[in-house]
Amino acid sequence: MKYIPASLLPLTVVPVTAVAANVHADSQQIARPAVFPAVTRHQSLDSLKAEVKQQLEKRYGQHYGCSALSLTSIASVLGSPFTEQQLRSMSESFSGGIGHQFGEGTCGALTGAVIALGFYASGGKEKHLRLAAEVYDEFKKQQGSIACGGIYGQYRFDHCNGCNLCAVQKVIEVLYREQDIHTSTIAPWQQITEGK
């Protein structure tokens with residue numbers, strides 16, 4: 001295959017009306033299904049919370065960033081078409097309040113959990129914002145701050161595991177309450193996604 005410089009490729013013009021139509025459609029209050037249908041073998045909230053805690057603990061000491069810990073632990077319980085490495089790649093840079101700056105950025109444990117919330121929550125923008133705000137508020141209440149620097153400055157790394165546990169369990173709780181998690185007695189995750 002021959003390399004062609006981008007400057008020699010033809011410019012594609014998108015009609016303004018097409019762009020405007022897409023913006024308008026996206027801003028409407030449209031209920032959407034979850035990006036990934038969350039299906040699990042667990043049939044109680046306590047069982048789900050215990051499993052996500054176990055998945056976190058399984059990853060401790062394996063050089064996961066806090067954001068990747070939250071995202072991969074939730075995904076391992078609820079199913080995902082992405083591999084563990086892909087999930088890590090999309091979330092690692094949020095660790096340490098983004099780029100390991102340990103400053104004013106949002107705690108990576110919370111960021112990774114909210115990314116997962118967006119994957120599995122159904123409904124429109126208003127619902128997603130409401131659920132994310134609920135997770136945020138609970139995290140701030142339990143940890144005293146959502147800023148990585150504030151938490152890290154007080155505890156160093158001794159408190160990071162607690163931040164992850166708080167964030168992932170709240171996301172599981174919210175998704176369960178909103179009935180965005182289904183048990184495997186309905187159908188295995190693969191069958192649901194293949195049926196679409």
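Me: How many disulfides does a search of the whole structure find?
Reply: Zero. A disulfide is a pair of cysteine sulfur atoms within 2.5 Å. Cysteine 66 is in none, since its nearest cysteine sulfur, that of cysteine 107, is 5.2 Å away. Cysteine 107 is in none either, with the sulfur of cysteine 163 nearest to it at 4.4 Å. By the way, this is a predicted model, where local features need pLDDT of at least 70, side-chain atom pairs count only at pLDDT 80 or more, and totals for chains, interfaces and linings use all residues. Residues are numbered from 1 along each chain as its sequence is written, and side-chain values use heavy atoms, leaving out hydrogens and water.

Me: Why does cysteine 66 count as buried?
Reply: Buried means under 20% relative accessible area, exposed over 50%, and partly exposed in between (1.4 Å probe, protein chains only). Cysteine 66 has 16% relative accessibility, so it counts as buried. Cysteine 107, at 7%, is buried too.

Me: What makes up the contact of helix 2 with helix 9?
Reply: Eight nonpolar, two polar and three charged residues. Contact means heavy atoms within 4.5 Å. Among the residues making it are Leu45 and Val52 of helix 2, and Ile172 and Tyr176 of helix 9.

Me: Which residues does tyrosine 120 contact, leaving aside its neighbours within four places in sequence?
Reply: Its partners include Ala34, Phe36, Ile74, Leu78, Leu175 and Asp180.

Conventions
Helices (H or I, at least four residues) and strands (E, at least two) are DSSP runs, numbered from the N terminus. Ala, Val, Leu, Ile, Met, Phe, Trp, Tyr, Cys and Pro count as nonpolar, Asp, Glu, Lys and Arg as charged, and the others, Gly among them, as polar.
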